[in-house]
Amino acid sequence: MGKQKHFVLHSNWPPSGDQPEAIEALTRSIKAGNRFQTLKGVTGSGKTFTAANVIANLDRPALVLAHNKTLAAQLYSEFKAFFPENAVRYFVSYYDYYQPEAYIPQSDTYIEKDASINDRIERLRLSATKALIERHDVIVVASVSCIYGLGLKETYEEAIISFSVGEKLDQRALMARLVGNYYGRTDFTPEPGKFRVRGDTVEVFPAYEDETCIRITFFDDEIERIDITHPLTGHIIENVSEASIFPAQHYVTQSDAIARSVPEIQEEMENIAAGFTARGKFVEAQRIKARTLYDIEMLSEAGYCSGIENYSVYLDGRKHGEPPGTLVDFFPDDFLMIVDESHITLPQVRAMFNGDNARKKVLVENGFRLPSCMDNRPLQWQEFEGKMRQALFVSATPGDYELQASSTIAEQIIRPTGIPDPEVEVLPAKTQIDDLIDKLRENSSRGERSLVLTLTKKASEDLADYLTELKFKVKYIHSELNTFERAELIRDLRSGKADVLVGINLLREGMDLPEVTLVAILDADREGFLRSYRSLIQIMGRAARNINSRIILYADVMTDSITQAVNETRRRRERQITWNKEHGITPKSIKKDIADLLPPELSGAFTEGGSKHGGTSGTAGNVKPQRKMSVSELERAMWEAVGKLDFERAAILRDAISEMKAER
């Protein structure tokens, strides 16, 4: 690790409300050596800002874990703004498309692995591990993909090529090591993960960067000069005395790994084939022999085979059952793990291993893979839990695990805007539609927006149609809409093209709607996931952007979830109002510009053709794409958005690209 650099937090405002108290309590708890802490904060209370202050106070590397790529991108953008001088990195799955290998015995259908790797995201992943090896001041924002096998850190570090001016190094030996580290030779286009040779000069384009090139000039077998240059212009950015080149892939095998592994793979194959034969499964025995022998031949001749990760336990030199190497292993022992939206993220981590194991078990039982393939897997819950040396769980509604395991639970109730939680009314469900219509008319007459949540897709469709007949400007949002269409719906609601949004689940990230003053939940007394205490609290939090907001629960029975949610909301509201009075704070509704979520180059790319979100009906019609740009043009626009950290726009472009590719 290089010279230690400290975290420096940049912010235009100091901690306010109950943020200072939460920051101090969490920092003190972690410094005292307590393993688990929880930050329980209402929506809009600045939980990410609090977490950033804790990182700065501790001055330790941090892994921020999110439950999906979109949330990870938002957090990455926020932490990068808070710590512009430090190394903030992004680590998510590099697959644009991934179809895992599978077998369906009922129909005797074998599905080959098919994947499309996103080179840009792979570069960001490599940059993350490079930073962890070289620096102390590192924050990696990752999705749960970080618990999947990445290869052993020790093997990866051994493959790093370090050199300095004046060092004796044979040029051909350097080229051989680059090839062994998965760099390809090119004579023309400078691309990340390639190297170019021109006389006594070797130019290496690192796989983890796209704006620098390492130019190594030799005099016989001695390094005469090392320059960092621009890959396209060749302009010298900096002259250095030493440099390092990291591998172009995370999964690196030792030079003798294949020779050592082949006999072990063959022995396992013979044992499994013999077992199949003894049980009269001759097809399975022949299948496992043919497939494994082909892989062995490819490994021996080419050093690689399709599905090489299935033999990782041998190539890594691990014992059966040992956990694989993951991103977490690249962090030092004193790192801090921050689990965002922990009530969703931790259950997702628990579920990863079982799904992977069940799929591979079918492949093994039918002779498609050796049992050792099951050692290429995500971490089991107990293994992951053991790697959480010190963790901070962040959520508006923490799960039972977090609350029971935490030594300190800090609560943030006060919003910087002073807006209190909305008032909650519980009204009879028997007359919910008639009452709802009256409330919607009142809201619309004031130019305000409303959200209505139903329990089923059919109920949403029927209600949207009915409200349309009553001349409401209504939109229906559902799971089949892609990000592009969802973004248009939200913009229509905010701009006034619609005043009512109907759906089953309106809790997705990005639902920041300050114009919404009414959230109505139909059939709130139907206990279940969508009407649980945590779901109700999350829904209520979405209304906390406007001082006139209110929540209406339509229920004939006061369920435990409703009682708990109403009491908790009232408790928060009372404390927030008291705080405002004591500190002379006048709550103000959030004012947020209605930005066009679609980039200018996509204007007119899609037209409204009587669709659910574009026409007059709540359910009729389809979106008719009128594409004016090629896939390559859209991809360029997408990566420009990523470079500007505009991940919302990038996600819209990504989905538009996927739709175009799917219809080819």
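Is Arg550 buried or exposed? Arg550 is buried, with a relative accessible area of 18%. That verdict follows because buried means under 20% relative accessible area. The model is a predicted one.

Arg550 belongs to strand β25, which covers residues 550-554. Its surroundings come from elsewhere in the sequence. Pro422 is 128 residues away from Arg550 along the chain, yet their C-alpha atoms are 4.8 Å apart in space. Beyond neighbours within four places in sequence, Arg550 is in contact with Pro422, Glu423 and Glu425. Lys439, Glu442 and Arg446 are also in contact with Arg550. Thr517, Leu518 and Val519 complete that list.

Now step back to the whole protein. The protein has 664 residues, and 52% of them count as buried. There are 19 helices and 27 strands. Among contacts with a separation of 6 or more, 74% join residues 24 or more positions apart. The pair Arg550 and Pro422, at 128 residues apart, is one example of a long sequence separation.

Next comes a parallel sheet. Seven strands form an open sheet with parallel pairing, in the order β3-β8-β2-β17-β18-β1-β19. The edges are β3 (87-91) and β19 (408-412). Each edge strand has a single partner, so one side of each is left without a neighbour in the sheet. From one strand to the next, the twist averages 15°.

Look inside this sheet at β17 and β18. Strand β17 takes in residues 336-340, and strand β18 takes in residues 391-395. They pair in the parallel sense over four bridges. Asp340 has Val394 in β18 as its bridge partner.

Another member of the sheet is β2, made of residues 62-65. Leu65 is found in this strand. Leu65 counts as buried because its relative accessibility is 0%. Which residues surround Leu65, leaving aside its neighbours within four places in sequence? Ala142, Ser143, Val144 and Cys146 are in contact with Leu65. So are Ile338, Val339 and Asp340. Thr345, Val349 and Phe384 are in contact with Leu65 as well. Val144 lies 79 residues from Leu65 in sequence, but the C-alpha to C-alpha distance is 6.7 Å.

Two loops beside these strands deserve a look at the backbone. Most residues other than glycine have a negative phi. Asp59 has a positive phi, near 55°, and is not a glycine. Asp59 sits in the loop between α2 (47-58) and β2. At 16% relative accessibility, Asp59 counts as buried. Glu341 also has a positive phi, of about 45°, without being a glycine. The loop that holds Glu341 runs between β17 and α10 (342-365).

A further set of strands pairs in the antiparallel sense. Strand β12 (residues 201-205) pairs with β11 (residues 194-198) over five bridges, and the sense is antiparallel. Phe195 stands opposite Val204 in β12. The two strands form a hairpin with two residues between them. Gly199, in the turn, has a positive phi of about 65°. β12 also pairs with strand β13 (residues 213-219), again in the antiparallel sense, over four bridges. Here Thr201 has Thr217 in β13 as its bridge partner.

How many residues of β12 are buried? The count is five of five, so the strand is mostly covered. Thr201, Glu203 and Phe205 point one way from β12. Val202 and Val204 point the other way. Residues on both faces are buried.

Finally, consider the enclosed spaces. The count comes to five cavities of 30 Å³ or more. The largest cavity holds about 70 Å³ of space. Its lining includes Val42, Thr43, Ala396, Arg415 and Asp421. Ile537, Met540, Gly541, Thr569 and Arg572 also line the largest cavity. By class, this lining has four nonpolar, three polar and three charged residues. Which helices each supply at least two residues of the lining? They are α16 (533-541) and α17 (560-583). Helix α16 gives the most, with three residues.

Key. Residues numbered from 1 in each chain as written. Predicted model: local features only at pLDDT ≥ 70, side-chain atom pairs only at ≥ 80, totals over all residues. Heavy atoms only, no water. 1 Å grid on protein atoms, 1.4 Å probe; cavity = no way out; pocket = protein on both sides within 12 Å on 5 of 7 lines; lining within 4 Å. Points joined across faces, edges and corners; volume = space filled by probe spheres on them. Nonpolar A, V, L, I, M, F, W, Y, C, P; charged D, E, K, R; others polar. Pairing = 2+ DSSP bridges. Axes fitted to C-alpha atoms, helices over the stretch in contact; angles between N-to-C directions. Buried < 20%, exposed > 50% of the residue type's maximum accessible area, 1.4 Å probe, protein only. Contact = heavy atoms within 4.5 Å.
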